[in-house]
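Open the model in your viewer and keep the selection panel handy. We will move from one stop to the next, with a short note on what to look for at each.

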Amino acid sequence: MRLTDEEQAMRDGKAGRARQWAIEHQIRVGTYLGAEDFVPVSQAHIMADTESLGAAGVEWLETMAKMPASERRVRIPTITDPRGTDFASAHKLKHQPWMLDLEKRAIAAFEALGVLMTDTCINYQTIMPPVRGEHCAYGDTGVVIYSNSVCGARSNFEGGPSALSAGLTGRTPRYGYHLDEHRLATLVVQTSYTPRELNEWGALGGLVGRLAGDYWQVPVVVGLDRVPGSDEMKHFGAAAASYGSLALFHMAGITPEAQRLEDAGPSGVSLRTHDLGEADVRKFQQSYVTAVDNAVDLVVFSAPQLSLVEMQEVAGLLDGRRATIPLLAITSPQIKPDADRMGITARIEAAGGTVLAGMCFYQSYAREMAEANGWKRLATNSAKLTNIIGGYGYKPALLSMEQCVDVACAGGKLA
């Protein structure tokens, strides 16, 4: 890789050991992925939950945190993905003391590095949403696909060490979605159905992800009869990334790099085309409902975290009713104070729900929670969560938000 004088100085250790390690790590990543040089980035986002880090990862962070302050602190705004717990409600989830201790150690180390503990996977809805053409180094898949596709920013999926390296050096290897040629569409998805509910947007995203099938594919969706809102785009993109490892999609006439269909595709190339309709969405949803045998043990709104509007919708559906099985509404630490101030949190909790902030269900020792609480069958309106949570031993049902609340208030029984 070609290095600037500043990058070579970091490699030579003139900016301290932490930056020397970071640039060496990035050179290895960039060389493997064919990057010719680095691109400056303006912000970074790190996967920071301790279930992913493990004890060894936390110990490594603590070693970095012990370096001199002038050497170890990040150079650009660097924020975090959800934690592994909500400390205020950890007892309700039956999180164990060792989990909380590991979280506290990780937080102390990140803070010593100058990382902002934002604990959110919806930073594009709350904290410095990126703008078109802005180069970033983001870790969470849902964050990357939304920022690339809806905002027109540029990021690859950055693993934890790579995202921290970007924070320390202020750059990342110039490959993948930082390059114009990788942002062009590789397939067309023609849909005859425009979803109405968030779970339907997630189902459509999951189907598009399955059709595309790998990180380097870029679908362009054609046929939607209206512009999706932010939460709809959030669920669509999170599911597409989960089911297909996608980092970018276009929607013809909607997303910034596809104002016309021809803007998104390579010139003179005929792209493979797939058709999707309402029957495909319904089949996708039904494939998850049959697994739970018409009853669930808990309802989870998570993955992605809920926006303030989603929190309000959950509260409205619960007004005057009572959830008789656990109902978890998980939001970001930025949204939670507004929900508290507006009485939304109180309405959800008065109806028997639990509002959690700063965590994500599947990154929060989901298997251990299942064993401690006797949970097995889970209802959610998140297609991303249905795709992931089976790996932790759960049987998921993908329902609408209204259906999820109905199930919670019916003791877990599906209609």
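Start by selecting strand 11: Leu 327, Ala 329 and Thr 331 point one way from it, Leu 328 and Ile 330 point the other way, and all are buried. Buried here means under 20% relative accessible area, with exposed over 50% and partly exposed in between (1.4 Å probe, protein chains only). In a regular strand the side chains alternate between the two faces of the sheet. Five of the five residues of strand 11 (residues 327-331) are buried, so the strand is largely enclosed by the rest of the structure. Helices (H or I, at least four residues) and strands (E, at least two) are DSSP runs, numbered from the N terminus.

A word on what you are viewing: this is a predicted model, in which local features need pLDDT of at least 70 and side-chain atom pairs count only at pLDDT 80 or more, while totals for chains, interfaces and linings use all residues. Residues are numbered from 1 along each chain as its sequence is written, and side-chain values use heavy atoms, leaving out hydrogens and water.

**Next: the sheet around strand 11**

Add strand 10, which pairs with strand 11 in the parallel sense over four bridges; two strands pair if DSSP finds at least two bridges between them. To find the register, pick Phe 301, whose bridge partner in strand 11 is Ala 329. Now add strand 13 (residues 377-380), joined to strand 10 (residues 298-306) by two bridges, again in the parallel sense. Here Leu 298 stands opposite Leu 378 of strand 13.

Bring in the remaining strands and you have an open sheet of five, in the order 12-11-10-13-14, with parallel pairing. Strand 12 (354-357) and strand 14 (395-398) are at the edges with a single partner strand each, so one side of each has no neighbour in the sheet. From one strand to the next, the twist averages 25°.

**Then: two crossing helices**

Select helix 10 (residues 198-212) and helix 13 (residues 278-289), which pack at an angle of about 100° with their axes 9 Å apart. Axes are lines fitted to C-alpha atoms, for helices over the stretch in contact, and angles run from 0 to 180 degrees between N-to-C directions. That makes helix 10 roughly perpendicular to helix 13, a label that covers 65 to 115 degrees. The contact residues include Ala 203 and Leu 207 of helix 10, and Phe 284 and Tyr 288 of helix 13.

Which residues does Gln 285 touch, not counting those up to four places away in sequence? They are Asn 199, Glu 200, Ala 203 and Leu 398, where contact means heavy atoms within 4.5 Å. Gln 285 is buried, at a relative accessible area of 10%.

**Two more covered elements**

Move to helix 8 (residues 141-151), where nine of eleven residues are buried. Its buried residues pack against several elements, among them strand 2 (44-46), helix 11 (230-244) and helix 18 (383-389).

Strand 6 (residues 187-191) is also mostly covered, with four of its five residues buried. Strand 6 runs parallel to strand 7 (residues 219-222), and four bridges join them; select Val 189 and its bridge partner Val 221 in strand 7.

**Last stop: zoom out**

Show the whole chain, with its 19 helices and 14 strands. Its C-alpha trace spans about 65 × 60 × 35 Å along the principal axes. Of the 415 residues, 59% count as buried.

Notes
Parallel < 35°, antiparallel > 145°, perpendicular 65-115°, else oblique.
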